Amino acid sequence: MLSSILYSAALLSLANAHGVILAAQGEAGSPPSVGFQVDTAIARNCTGISPCQQDTTIIRDAEISANIVNECGRTELTGNIDVGENTENALAAGAVTKVKAGTLMTVTIHQVNADGAGPYTCDLDQTSNAGIISQNLTVTNNVPGVNGLSQGKTQDFNITVAMPSNLACTGASTGNICTVRCRNNAVAGPFGGCFAVQQTDITPTANSANQIATAQTLADVTEQIAENNVDLPVAIAANQQQGTAAQIQANEAVKALLGVTVTSKAAAVQTLAVENVGVNAAGASVATSSATSKASKAAKGAGKATAATASTPTATAAAKKGKNNNKRESGLKWAKRALLEESL
(Lines give C-alpha, C1' and ligand atoms only; values in the text may rest on other atoms or scores of the structure.)
Protein backbone atom coordinates (compact mmCIF):
# COMPACT_ATOMS: atom_id res chain seq x y z
CA MET A 1 0.00 0.00 0.00
CA LEU A 2 2.73 2.46 1.02
CA SER A 3 4.89 1.72 -2.02
CA SER A 4 1.83 2.33 -4.20
CA ILE A 5 1.29 5.73 -2.56
CA LEU A 6 4.91 6.76 -3.14
CA TYR A 7 4.83 5.60 -6.74
CA SER A 8 1.63 7.56 -7.38
CA ALA A 9 3.15 10.66 -5.78
CA ALA A 10 6.15 10.41 -8.10
CA LEU A 11 3.91 10.20 -11.16
CA LEU A 12 2.06 13.37 -10.16
CA SER A 13 5.10 15.55 -10.77
CA LEU A 14 5.30 17.24 -14.15
CA ALA A 15 8.25 19.57 -13.53
CA ASN A 16 11.70 18.21 -12.83
CA ALA A 17 13.57 20.81 -10.80
CA HIS A 18 12.87 23.30 -8.06
CA GLY A 19 13.82 25.78 -5.37
CA VAL A 20 12.39 25.81 -1.84
CA ILE A 21 12.18 28.59 0.77
CA LEU A 22 13.57 26.98 3.91
CA ALA A 23 13.62 30.05 6.16
CA ALA A 24 13.16 33.82 6.28
CA GLN A 25 14.78 35.71 9.16
CA GLY A 26 13.69 39.26 9.96
CA GLU A 27 14.54 41.16 13.15
CA ALA A 28 17.19 39.53 15.35
CA GLY A 29 15.73 37.41 18.11
CA SER A 30 12.44 36.76 16.33
CA PRO A 31 11.59 33.29 15.02
CA PRO A 32 12.21 32.49 11.36
CA SER A 33 9.32 32.06 8.97
CA VAL A 34 9.18 28.99 6.74
CA GLY A 35 7.78 28.82 3.23
CA PHE A 36 4.10 27.83 3.15
CA GLN A 37 3.67 24.05 2.81
CA VAL A 38 7.43 23.42 3.02
CA ASP A 39 7.94 20.11 4.84
CA THR A 40 11.04 19.97 7.05
CA ALA A 41 10.94 16.15 6.94
CA ILE A 42 11.69 16.01 3.22
CA ALA A 43 15.32 15.22 2.32
CA ARG A 44 17.49 18.01 0.89
CA ASN A 45 20.41 15.86 -0.27
CA CYS A 46 18.84 14.61 -3.52
CA THR A 47 17.43 15.94 -6.79
CA GLY A 48 14.79 13.34 -7.70
CA ILE A 49 11.12 14.08 -8.20
CA SER A 50 10.15 12.11 -5.12
CA PRO A 51 10.74 12.94 -2.38
CA CYS A 52 13.02 15.92 -2.96
CA GLN A 53 10.73 18.06 -5.12
CA GLN A 54 7.35 17.29 -3.60
CA ASP A 55 7.07 20.40 -1.38
CA THR A 56 8.44 22.88 -3.91
CA THR A 57 6.06 25.72 -4.74
CA ILE A 58 5.13 26.43 -8.36
CA ILE A 59 3.74 29.93 -8.93
CA ARG A 60 2.44 30.51 -12.46
CA ASP A 61 0.51 33.63 -13.41
CA ALA A 62 -1.56 31.69 -15.94
CA GLU A 63 -2.79 29.34 -13.19
CA ILE A 64 -3.55 32.30 -10.93
CA SER A 65 -5.56 34.03 -13.67
CA ALA A 66 -7.48 30.83 -14.40
CA ASN A 67 -8.42 30.54 -10.70
CA ILE A 68 -6.60 27.21 -10.40
CA VAL A 69 -4.47 28.57 -7.56
CA ASN A 70 -4.15 31.79 -5.59
CA GLU A 71 -1.16 34.16 -5.63
CA CYS A 72 1.05 31.73 -3.71
CA GLY A 73 0.64 28.88 -6.19
CA ARG A 74 0.74 25.18 -5.35
CA THR A 75 2.98 22.32 -4.36
CA GLU A 76 3.07 18.96 -6.11
CA LEU A 77 2.21 17.21 -2.86
CA THR A 78 -0.66 19.30 -1.47
CA GLY A 79 -1.97 21.37 -4.38
CA ASN A 80 -3.23 24.96 -3.96
CA ILE A 81 -1.74 26.86 -1.02
CA ASP A 82 -4.38 28.42 1.23
CA VAL A 83 -2.68 31.64 2.38
CA GLY A 84 -5.09 32.37 5.23
CA GLU A 85 -4.86 28.86 6.67
CA ASN A 86 -1.08 28.66 6.41
CA THR A 87 -0.67 32.10 7.96
CA GLU A 88 -2.85 31.28 10.96
CA ASN A 89 -1.08 27.94 11.39
CA ALA A 90 2.28 29.72 11.44
CA LEU A 91 1.03 32.30 13.96
CA ALA A 92 -0.31 29.54 16.23
CA ALA A 93 3.04 27.77 16.07
CA GLY A 94 4.97 30.99 16.82
CA ALA A 95 6.74 30.64 13.49
CA VAL A 96 6.35 34.09 11.94
CA THR A 97 9.37 36.36 11.73
CA LYS A 98 9.16 39.99 12.89
CA VAL A 99 9.95 42.95 10.63
CA LYS A 100 9.87 46.74 10.58
CA ALA A 101 9.92 49.26 7.75
CA GLY A 102 13.37 48.95 6.18
CA THR A 103 14.24 45.57 7.73
CA LEU A 104 16.75 43.55 5.70
CA MET A 105 15.55 39.95 5.76
CA THR A 106 17.74 36.94 5.10
CA VAL A 107 15.81 34.41 3.02
CA THR A 108 17.30 30.92 2.66
CA ILE A 109 16.49 29.20 -0.63
CA HIS A 110 17.36 25.57 -1.29
CA GLN A 111 18.17 24.87 -4.93
CA VAL A 112 17.14 21.29 -5.61
CA ASN A 113 18.68 21.17 -9.08
CA ALA A 114 19.22 23.08 -12.33
CA ASP A 115 16.13 25.25 -12.74
CA GLY A 116 15.76 26.15 -9.10
CA ALA A 117 18.48 28.74 -9.75
CA GLY A 118 18.26 32.52 -9.71
CA PRO A 119 17.53 35.25 -10.11
CA TYR A 120 14.66 35.45 -7.61
CA THR A 121 12.28 38.39 -7.41
CA CYS A 122 10.08 39.12 -4.40
CA ASP A 123 6.87 41.09 -3.92
CA LEU A 124 4.41 41.87 -1.16
CA ASP A 125 0.73 41.52 -0.27
CA GLN A 126 0.28 43.97 2.61
CA THR A 127 -3.21 42.61 3.33
CA SER A 128 -1.77 39.08 3.70
CA ASN A 129 -4.63 37.29 1.97
CA ALA A 130 -6.45 39.60 -0.46
CA GLY A 131 -4.34 38.57 -3.42
CA ILE A 132 -3.33 42.17 -4.09
CA ILE A 133 0.39 42.57 -4.74
CA SER A 134 1.09 46.09 -3.49
CA GLN A 135 4.74 46.48 -4.47
CA ASN A 136 7.92 44.75 -5.56
CA LEU A 137 10.76 44.33 -3.08
CA THR A 138 14.46 44.96 -3.51
CA VAL A 139 16.50 41.73 -3.63
CA THR A 140 20.29 41.71 -3.29
CA ASN A 141 22.88 38.94 -2.99
CA ASN A 142 20.71 36.87 -5.35
CA VAL A 143 20.94 33.16 -6.11
CA PRO A 144 23.37 32.60 -9.01
CA GLY A 145 21.76 31.76 -12.31
CA VAL A 146 20.29 33.14 -15.53
CA ASN A 147 16.66 32.57 -16.49
CA GLY A 148 16.35 30.31 -13.46
CA LEU A 149 19.07 27.93 -14.61
CA SER A 150 22.55 26.96 -13.43
CA GLN A 151 24.58 23.83 -12.74
CA GLY A 152 23.92 24.16 -9.02
CA LYS A 153 22.07 21.46 -7.10
CA THR A 154 21.30 20.51 -3.47
CA GLN A 155 22.66 23.86 -2.29
CA ASP A 156 21.35 26.51 0.11
CA PHE A 157 21.67 30.22 -0.77
CA ASN A 158 20.90 33.27 1.37
CA ILE A 159 19.37 36.23 -0.42
CA THR A 160 18.64 39.62 1.15
CA VAL A 161 15.13 41.04 0.83
CA ALA A 162 14.49 44.63 1.94
CA MET A 163 11.18 45.66 3.48
CA PRO A 164 10.01 49.00 2.02
CA SER A 165 10.17 52.25 3.97
CA ASN A 166 6.39 52.63 3.66
CA LEU A 167 5.60 49.13 4.92
CA ALA A 168 2.06 48.84 6.32
CA CYS A 169 1.04 45.25 7.07
CA THR A 170 -2.67 44.95 7.89
CA GLY A 171 -3.53 41.28 7.52
CA ALA A 172 -4.36 38.10 9.43
CA SER A 173 -6.00 37.77 12.83
CA THR A 174 -3.28 39.92 14.39
CA GLY A 175 -3.88 42.85 12.01
CA ASN A 176 -0.17 43.31 11.21
CA ILE A 177 0.79 40.50 8.81
CA CYS A 178 2.10 40.74 5.25
CA THR A 179 2.69 37.91 2.80
CA VAL A 180 6.03 37.94 0.98
CA ARG A 181 6.25 36.02 -2.30
CA CYS A 182 9.54 35.09 -3.97
CA ARG A 183 10.00 33.18 -7.23
CA ASN A 184 12.51 32.68 -10.01
CA ASN A 185 12.00 32.96 -13.78
CA ALA A 186 12.50 29.34 -14.82
CA VAL A 187 10.35 28.25 -17.77
CA ALA A 188 9.52 24.99 -16.00
CA GLY A 189 8.40 26.99 -12.96
CA PRO A 190 8.47 29.69 -11.80
CA PHE A 191 9.59 28.15 -8.50
CA GLY A 192 9.76 29.78 -5.09
CA GLY A 193 7.20 30.28 -2.38
CA CYS A 194 5.43 32.55 0.10
CA PHE A 195 5.85 33.23 3.80
CA ALA A 196 4.32 35.50 6.43
CA VAL A 197 6.02 38.41 8.21
CA GLN A 198 4.70 40.32 11.23
CA GLN A 199 5.27 44.08 11.42
CA THR A 200 6.06 45.43 14.88
CA ASP A 201 6.44 49.18 14.32
CA ILE A 202 2.78 49.94 13.57
CA THR A 203 -0.53 49.75 15.42
CA PRO A 204 -2.29 46.53 14.33
CA THR A 205 -5.35 47.07 12.14
CA ALA A 206 -8.82 46.39 13.55
CA ASN A 207 -10.96 45.78 10.48
CA SER A 208 -14.50 47.05 10.00
CA ALA A 209 -16.59 45.65 7.18
CA ASN A 210 -17.44 49.08 5.74
CA GLN A 211 -13.75 49.97 5.53
CA ILE A 212 -12.68 47.01 3.38
CA ALA A 213 -11.59 48.59 0.10
CA THR A 214 -10.91 45.48 -2.00
CA ALA A 215 -13.14 45.12 -5.05
CA GLN A 216 -13.40 43.48 -8.47
CA THR A 217 -14.65 44.96 -11.70
CA LEU A 218 -17.95 43.78 -13.19
CA ALA A 219 -16.06 42.18 -16.06
CA ASP A 220 -13.83 40.23 -13.64
CA VAL A 221 -16.83 39.07 -11.60
CA THR A 222 -18.72 37.95 -14.72
CA GLU A 223 -15.68 36.12 -16.06
CA GLN A 224 -15.16 34.41 -12.71
CA ILE A 225 -18.78 33.24 -12.56
CA ALA A 226 -18.48 31.69 -16.01
CA GLU A 227 -15.23 29.95 -15.08
CA ASN A 228 -16.67 28.65 -11.80
CA ASN A 229 -19.68 27.15 -13.57
CA VAL A 230 -17.35 25.25 -15.88
CA ASP A 231 -15.10 24.08 -13.04
CA LEU A 232 -17.80 23.14 -10.52
CA PRO A 233 -18.76 19.63 -11.81
CA VAL A 234 -15.10 18.57 -11.93
CA ALA A 235 -14.48 20.06 -8.48
CA ILE A 236 -17.46 18.22 -7.02
CA ALA A 237 -16.26 14.91 -8.47
CA ALA A 238 -12.75 15.48 -7.10
CA ASN A 239 -14.13 16.34 -3.68
CA GLN A 240 -16.23 13.19 -3.64
CA GLN A 241 -13.20 11.11 -4.56
CA GLN A 242 -11.14 12.73 -1.79
CA GLY A 243 -13.84 11.74 0.68
CA THR A 244 -13.73 8.02 -0.04
CA ALA A 245 -12.41 5.73 2.69
CA ALA A 246 -9.50 4.60 0.52
CA GLN A 247 -8.41 8.16 -0.27
CA ILE A 248 -8.69 9.29 3.35
CA GLN A 249 -6.54 6.33 4.38
CA ALA A 250 -3.97 7.16 1.70
CA ASN A 251 -3.82 10.82 2.79
CA GLU A 252 -3.34 9.84 6.43
CA ALA A 253 -0.54 7.46 5.44
CA VAL A 254 1.27 10.24 3.56
CA LYS A 255 0.86 12.64 6.52
CA ALA A 256 2.25 10.03 8.90
CA LEU A 257 5.19 9.37 6.61
CA LEU A 258 6.05 13.05 6.30
CA GLY A 259 5.35 13.90 9.94
CA VAL A 260 2.89 16.67 9.00
CA THR A 261 1.56 18.40 12.12
CA VAL A 262 -0.41 21.60 12.74
CA THR A 263 -0.38 23.49 16.04
CA SER A 264 -3.95 24.21 17.15
CA LYS A 265 -4.70 27.38 19.10
CA ALA A 266 -8.10 28.66 20.20
CA ALA A 267 -9.06 31.83 18.34
CA ALA A 268 -10.00 34.94 20.30
CA VAL A 269 -13.58 36.19 20.06
CA GLN A 270 -13.70 39.72 18.66
CA THR A 271 -16.71 41.94 19.40
CA LEU A 272 -17.08 44.92 17.10
CA ALA A 273 -18.63 48.19 18.30
CA VAL A 274 -22.08 49.02 16.89
CA GLU A 275 -21.63 51.71 14.27
CA ASN A 276 -24.39 54.32 14.06
CA VAL A 277 -24.89 55.69 10.58
CA GLY A 278 -27.22 58.18 8.90
CA VAL A 279 -29.78 59.97 11.09
CA ASN A 280 -29.07 57.64 14.01
CA ALA A 281 -25.50 58.94 14.19
CA ALA A 282 -26.64 62.49 14.99
CA GLY A 283 -28.91 61.24 17.77
CA ALA A 284 -26.16 59.09 19.21
CA SER A 285 -23.76 62.03 19.20
CA VAL A 286 -26.24 64.25 21.09
CA ALA A 287 -26.96 61.54 23.65
CA THR A 288 -23.25 60.98 24.24
CA SER A 289 -22.55 64.70 24.62
CA SER A 290 -25.42 65.10 27.08
CA ALA A 291 -24.28 62.15 29.21
CA THR A 292 -20.69 63.40 29.22
CA SER A 293 -21.84 66.88 30.28
CA LYS A 294 -23.89 65.51 33.18
CA ALA A 295 -21.05 63.32 34.38
CA SER A 296 -18.63 66.24 34.25
CA LYS A 297 -20.95 68.44 36.32
CA ALA A 298 -21.48 65.74 38.94
CA ALA A 299 -17.71 65.35 39.31
CA LYS A 300 -17.26 68.97 40.37
CA GLY A 301 -18.46 68.04 43.87
CA ALA A 302 -20.90 69.38 46.42
CA GLY A 303 -18.41 71.98 47.71
CA LYS A 304 -19.31 74.31 44.84
CA ALA A 305 -23.08 74.02 45.30
CA THR A 306 -23.52 77.76 46.07
CA ALA A 307 -21.56 78.89 43.04
CA ALA A 308 -23.38 76.39 40.85
CA THR A 309 -26.75 77.63 42.12
CA ALA A 310 -25.81 81.26 41.47
CA SER A 311 -24.82 80.53 37.90
CA THR A 312 -27.64 78.12 37.04
CA PRO A 313 -29.31 80.32 34.37
CA THR A 314 -26.01 80.89 32.60
CA ALA A 315 -24.97 77.25 32.85
CA THR A 316 -28.34 76.08 31.56
CA ALA A 317 -28.15 78.43 28.60
CA ALA A 318 -24.61 77.31 27.83
CA ALA A 319 -25.62 73.67 28.05
CA LYS A 320 -28.53 74.24 25.63
CA LYS A 321 -26.24 76.06 23.25
CA GLY A 322 -23.72 73.27 23.50
CA LYS A 323 -26.36 70.67 22.65
CA ASN A 324 -27.52 72.63 19.61
CA ASN A 325 -23.94 73.04 18.38
CA ASN A 326 -23.20 69.36 18.86
CA LYS A 327 -26.31 68.34 16.98
CA ARG A 328 -25.59 70.74 14.13
CA GLU A 329 -21.93 69.71 13.87
CA SER A 330 -22.85 66.04 13.91
CA GLY A 331 -25.30 66.55 11.07
CA LEU A 332 -22.72 68.46 9.07
CA LYS A 333 -20.12 65.77 9.69
CA TRP A 334 -22.30 63.05 8.23
CA ALA A 335 -23.36 65.28 5.35
CA LYS A 336 -19.72 65.84 4.52
CA ARG A 337 -19.08 62.12 4.71
CA ALA A 338 -21.99 61.36 2.38
CA LEU A 339 -20.76 63.92 -0.16
CA LEU A 340 -17.27 62.49 0.03
CA GLU A 341 -18.49 58.95 -0.55
CA GLU A 342 -20.62 60.08 -3.51
CA SER A 343 -17.62 61.86 -5.03
CA LEU A 344 -15.58 58.67 -4.71
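In this predicted model, a useful place to begin is Cys 169, which, leaving aside residues up to four places away in sequence, touches Gln 126, Gly 175, Asn 176, Ile 177, Cys 178, Gln 199 and Ile 202. Cys 169 sits in the loop that runs between β9 (155-162) and β10 (177-183). Although Cys 169 and Gln 126 are 43 residues apart along the chain, their C-alpha atoms are separated by 4.7 Å. Cys 169 counts as buried because its relative accessibility is 0%, and the cut-off for that word is under 20%.

A second loop residue can be read in the same careful way. His 18 lies in the loop between α1 (2-12) and β1, and with a relative accessibility of 0% His 18 also counts as buried. Setting aside residues up to four places away in sequence, the contacts of His 18 are Gln 53, Thr 56, Glu 76, His 110, Gln 111, Val 112, Asn 113, Asp 115, Gly 116 and Phe 191.

From these loops we can turn to the nonpolar interior. The largest nonpolar core has 23 residues, and those that touch the most other members are Met 105, Val 107, Ile 159, Val 161, Val 180 and Phe 195. At least two residues of this core are supplied by each of β1 (19-25), β6 (104-111), β7 (121-125), β8 (135-140), β9, β10 and β11 (191-199). To see one member in its surroundings, look at Val 107, which touches Ile 21, Ala 23, Ala 24, Phe 157, Asn 158, Ile 159, Val 161 and Phe 195, again not counting residues up to four places away in sequence. Another core, of 10 residues, lies apart from the largest one, and its members include Phe 36, Cys 72, Val 96 and Ala 196.

Beyond the cores, there is also empty space to consider. The second largest pocket has a volume of about 610 Å³, and of the 20 residues that line this pocket, Ile 64, Ser 65, Asn 67, Gln 216 and Gln 224 are the closest to its centre. Two elements, α2 (61-65) and α4 (218-242), give two or more residues to the lining of the second largest pocket, and α4 provides the largest share, four residues. Sorted by class, this lining holds seven nonpolar, eight polar and five charged residues.

Where does the second largest pocket lie in relation to domain 1 and domain 2? Because domain 1 (19-199) and domain 2 (218-258) both give residues to its lining, the second largest pocket lies between them.

Conventions
Residues numbered from 1 in each chain as written. Predicted model: local features only at pLDDT ≥ 70, side-chain atom pairs only at ≥ 80, totals over all residues. Heavy atoms only, no water. Buried < 20%, exposed > 50% of the residue type's maximum accessible area, 1.4 Å probe, protein only. Contact = heavy atoms within 4.5 Å. Core = buried A, V, L, I, M, F, W, Y, C linked by side-chain atoms within 4.5 Å. 1 Å grid on protein atoms, 1.4 Å probe; cavity = no way out; pocket = protein on both sides within 12 Å on 5 of 7 lines; lining within 4 Å. Points joined across faces, edges and corners; volume = space filled by probe spheres on them. Nonpolar A, V, L, I, M, F, W, Y, C, P; charged D, E, K, R; others polar. Domains from an automatic or database assignment.
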